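Please explain how this chain is put together, going from its strands and helices to its largest pocket, and take account of what the UniProt record says about it.

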Amino acid sequence: MKLVFATHNQHKLKEIQALLPKNIQLLSLTDIGCEEDIPETAPTIEGNAILKAKYVAERYGYDVFADDTGLEVDALNGAPGVFSARYAGQQKSDTDNLALLLSNMKGVQNRKAQFRTVIALSLDGALHTFEGIARGSITEAPIGGNGFGYDPAFLPEGYTQTFAQISADEKNRISHRGKTFEQLLRFLKERARNAS
Ligand code: IMP
C-alpha cells in the first residue's frame, strides 16, 4: 500500500517510514510530483491539516496524511496558534517568531502554554484525525541550541530544561508531534493486522 506524507522533508519521511508496517510504502510530496504550495488558509490547526490531506487526496488520488502544529499561549489567548509559522510575518522566520513571542510575553505572569499537533489522514475516502499535546511554559529568554522554532522558549511540564536543551530522542518521546504520530502508527498497525 502506498501512503503519502504531505511533506517535502526527506528526513521526516525516513523517520516515519522506519516505524511503519512493512506493507506501507511512504511517499513524499516530491515523490508524487506535487511541487506547488498547498494552501493553508483554514482558521484552525485541525482545519489546515485537513485542507492539506484533502488537497492531495482529491488532486493526486492517494491515501495521505498531513500534520499541522501550533504553539498556544494562555496569556495571549491561544496565540500564535494557527499563525505560529508566520507570527512575525510572511517571511516565516523562526528567529523573528521567537523574538516576537518573548517580547509579547515580557513581564507577563501567567506563562502557561502548549504545543498542539493535529494529523489528518485520508484513507479509502474516509477522514481520520489525531491530536497530541505537550504542556509547558514560556521562559523569559531563549535557552539551548537544539531543535527549531519556539523550542528555546518552551519548558515542558515536569522538566528543568527547554525543548532546545534535551536530545531529539527525548523530545520525540514527550512532544506534541511524537504523541500524535504514535496514535497514527497505532491506527495504521491495527488496520494492517486486521487486513492480514
Ligand atoms: P508546522 O505546522 O510543523 O509547520 O509548524 C508551524 C510552526 O510552529 C512553525 O513556525 C514551527 O517552527 C513551529 N513549531 C512546530 N513544531 C515545533 C516544535 O516542535 N518546536 C518548536 N516550534 C515548533
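At which residue does UniProt place the feature "binding site"? The unreviewed UniProt entry puts that feature at D68, and according to the record the feature "active site" is placed at D68 as well. What follows concerns a predicted model, in which D68 lies in strand β3. With a relative accessibility of 9%, D68 counts as buried, because buried residues are those under 20% relative accessible area.

The strand that holds D68 can be considered next. Strand β3 covers residues 64-73, and 9 of its 10 residues are buried, so β3 is largely enclosed by the rest of the structure. Strand β4, which comprises residues 112-123, runs antiparallel to β3 and is joined to it by 10 bridges; within this pairing, L71 has F115 in β4 as its bridge partner. Strand β1 also pairs with β3, but here in the parallel sense and over 2 bridges. In that pairing, V4 has V64 in β3 as its bridge partner, while F5 stands opposite F65 in β3.

From β1 the description can be carried on to the start of the chain. Strand β1, which spans residues 2-5, pairs in the parallel sense with strand β2, residues 25-27, over 3 bridges, and K2 stands opposite Q25 in β2. Together with helix α1, which is made up of residues 10-17, β1 and β2 make a right-handed β-α-β unit. Within this unit, Q17 is found in helix α1, and its relative accessible area of 29% makes Q17 partly exposed, because this value falls between the 20% limit for buried and the 50% limit for exposed residues. Q17 and F5 are 12 residues apart in sequence, and their C-alpha atoms are 9.7 Å apart in space.

The remaining topic is the largest pocket, where several of these elements appear again. About 1800 Å³ of space lies in this pocket, and its lining consists of 50 residues, of which K12, D67, T69, F148 and R177 lie nearest its centre. Helix α1 and strand β3 each supply at least two residues of the lining, as do α2 (45-60), α3 (94-104), α4 (168-174) and α5 (176-195). Among the contributing elements, α5 gives the most to the lining, with 6 residues. Sorted by class, the residues that line the largest pocket comprise 17 nonpolar, 16 polar and 17 charged ones.

Taken together, these points return to strand β3, which pairs with β1 in the parallel sense, runs antiparallel to β4 and supplies at least two residues of the lining of the largest pocket. It is also in β3 that D68 lies, the residue at which the unreviewed UniProt entry places the feature "binding site".

Conventions: Residues are numbered from 1 along each chain as its sequence is written. This is a predicted model: local features need pLDDT of at least 70, side-chain atom pairs count only at pLDDT 80 or more; totals for chains, interfaces and linings use all residues. Side-chain values use heavy atoms; hydrogens and water are left out. Two strands pair if DSSP finds at least two bridges between them. Helices (H or I, at least four residues) and strands (E, at least two) are DSSP runs, numbered from the N terminus. A crossover is right-handed if, with the strands pointing away from the viewer, the path from the first strand over the helix to the second runs clockwise. On a 1 Å grid over the protein atoms alone, a cavity is a set of points where a 1.4 Å probe fits but cannot get out, and a pocket is an open set with protein on both sides within 12 Å along at least five of seven lines; lining residues have an atom within 4 Å of a point. Grid points are joined across faces, edges and corners, and a volume is the space filled by probe spheres set on the points. Ala, Val, Leu, Ile, Met, Phe, Trp, Tyr, Cys and Pro count as nonpolar, Asp, Glu, Lys and Arg as charged, and the others, Gly among them, as polar. UniProt positions are given in the numbering used here, feature names are shortened, and annotations may be inferred rather than shown by experiment. Buried means under 20% relative accessible area, exposed over 50%, partly exposed in between (1.4 Å probe, protein chains only).
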